[in-house]
Amino acid sequence: MGFFGFIGSALSTAATAVGNAVSAVGTAIVETGKKFLKTTIETLKLVVDVLEYVAKRLGIIEDETSEDLGDRALRSDRTRDDFDNVNEYIDYLKENVEPTPLKELEKLSPEERLKRVAIGNALLAKAIEEKMSLEIPVDFWKEAVERGLSAEEIDNLLKKFKDAGVAPIDFVKYLKRELDEEKEENMDDLLIDLYTKEYPQIEHKE
């Protein structure tokens, strides 16, 4: 998605465009999609990469992208509310709504392309939550990429949180120094354990 470098000024107008898509995709997806646009273009691009990476690992998508899913949702005759869960909705979009060729998407305005990205992000984020049975706030994705974590590191972090029964929102609070002392120490231990396994050459103190 090379257009990211040219559309920083379109974020606010894109949020309005997303808000107008309620009838096409449903209220919950729209509200989540708007949250993804409350950031910088640089952060949004990184979040898209991470969501697509994790979604592919979980088998939610294969070659599809956030923009593609958002575009299919906008053209579908059914909304999220017609399905028991988001993963069923995504499967429907993949199987029943043909993708728009990239060259056609590239003709759209920056606001319209961002609208599709935001809706696709919301769909992938909700689908990941369902697959992992883990509540993951939008702020988690933003904070994680802004702190320089890679897609693989974030994916491993989520798996670690799942296994340890840790809520991703606590990671957001940890980064903002909003956790109480006990929870902060527990998060320290969890992260040290994760990174010593990921990077065995690094000393414990580092």
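The expected span of a helix is 1.5 Å times one less than its number of residues. In this predicted model, helix H8 covers residues 110-132 and so has 23 residues, and by that definition its expected span is 33 Å. The distance from the first C-alpha of H8 to the last is 32 Å, which is close to the expected value. Helix H8 is also mostly covered, with 17 of its 23 residues buried.

Helix H8 packs against helix H5, which is formed by residues 66-75. Two packed helices are described by the angle between their axes and the distance between the axes. For H5 and H8, the axes come within 6 Å and the crossing angle is roughly 95 degrees. Angles of 65 to 115 degrees count as roughly perpendicular, and H5 and H8 are therefore placed in that class. On the H5 side, the contact is made by Ser 66, Glu 67, Leu 69, Gly 70, Asp 71, Ala 73 and Leu 74. These residues meet Arg 113, Lys 115, Arg 116, Val 117, Ile 119, Gly 120, Asn 121, Leu 123 and Leu 124 of H8. Sorted by class, the contact of H5 with H8 contains 7 nonpolar, 4 polar and 5 charged residues.

A second helix pair consists of H9 (residues 138-146) and H11 (residues 168-175). Their axes come within 9 Å and cross at roughly 45 degrees, which makes H9 oblique to H11. The crossing of H9 past H11 is left-handed. Helix H9 contributes Asp 139, Phe 140, Glu 143 and Ala 144 to the contact, and H11 contributes Pro 168, Phe 171, Val 172 and Leu 175. The contact of H9 with H11 has 6 nonpolar and 2 charged residues, and no polar ones.

Leu 149 follows in the loop between H9 and helix H10, the latter spanning 151-164. Its relative accessibility is 16%, so Leu 149 counts as buried, the cut-off being under 20%. With neighbours within four places in sequence left aside, Leu 149 is in contact with Ala 144, Ile 154, Leu 157, Phe 171 and Tyr 195. Two of these residues, Ala 144 of H9 and Phe 171 of H11, also belong to the contact between those helices. By comparison, Asp 91 lies 58 residues from Leu 149 along the chain, and the C-alpha atoms of the two are separated by 29 Å.

Helix H3, residues 27-36, has Ile 29, Val 30, Thr 32, Gly 33 and Phe 36 as its buried residues. These are covered by elements that include helix H1 (11-19), helix H2 (22-25), helix H4 (41-57), H8 and H9.

The backbone was also examined in two loops. Most residues other than glycine have a negative phi. Ser 133, just after H8, takes a positive phi of about 50 degrees, although Ser 133 is not a glycine. This residue is placed in the loop between H8 and H9. The relative accessibility of Ser 133 is 55%, and Ser 133 therefore counts as exposed. Arg 177 is likewise a residue other than glycine with a positive phi, here near 60 degrees. Arg 177 is found in the loop between H11 and helix H12 (181-198). With a relative accessibility of 57%, Arg 177 counts as exposed.

Notes: Residues are numbered from 1 along each chain as its sequence is written. This is a predicted model: local features need pLDDT of at least 70, side-chain atom pairs count only at pLDDT 80 or more; totals for chains, interfaces and linings use all residues. Side-chain values use heavy atoms; hydrogens and water are left out. Helices (H or I, at least four residues) and strands (E, at least two) are DSSP runs, numbered from the N terminus. Buried means under 20% relative accessible area, exposed over 50%, partly exposed in between (1.4 Å probe, protein chains only). Axes are lines fitted to C-alpha atoms, for helices over the stretch in contact, and angles run from 0 to 180 degrees between N-to-C directions. Angles under 35 degrees count as roughly parallel, over 145 as roughly antiparallel, 65 to 115 as roughly perpendicular and the rest as oblique. A crossing is left-handed if the near helix is turned anticlockwise from the far one by less than a right angle, and right-handed if clockwise. Contact means heavy atoms within 4.5 Å. Ala, Val, Leu, Ile, Met, Phe, Trp, Tyr, Cys and Pro count as nonpolar, Asp, Glu, Lys and Arg as charged, and the others, Gly among them, as polar.
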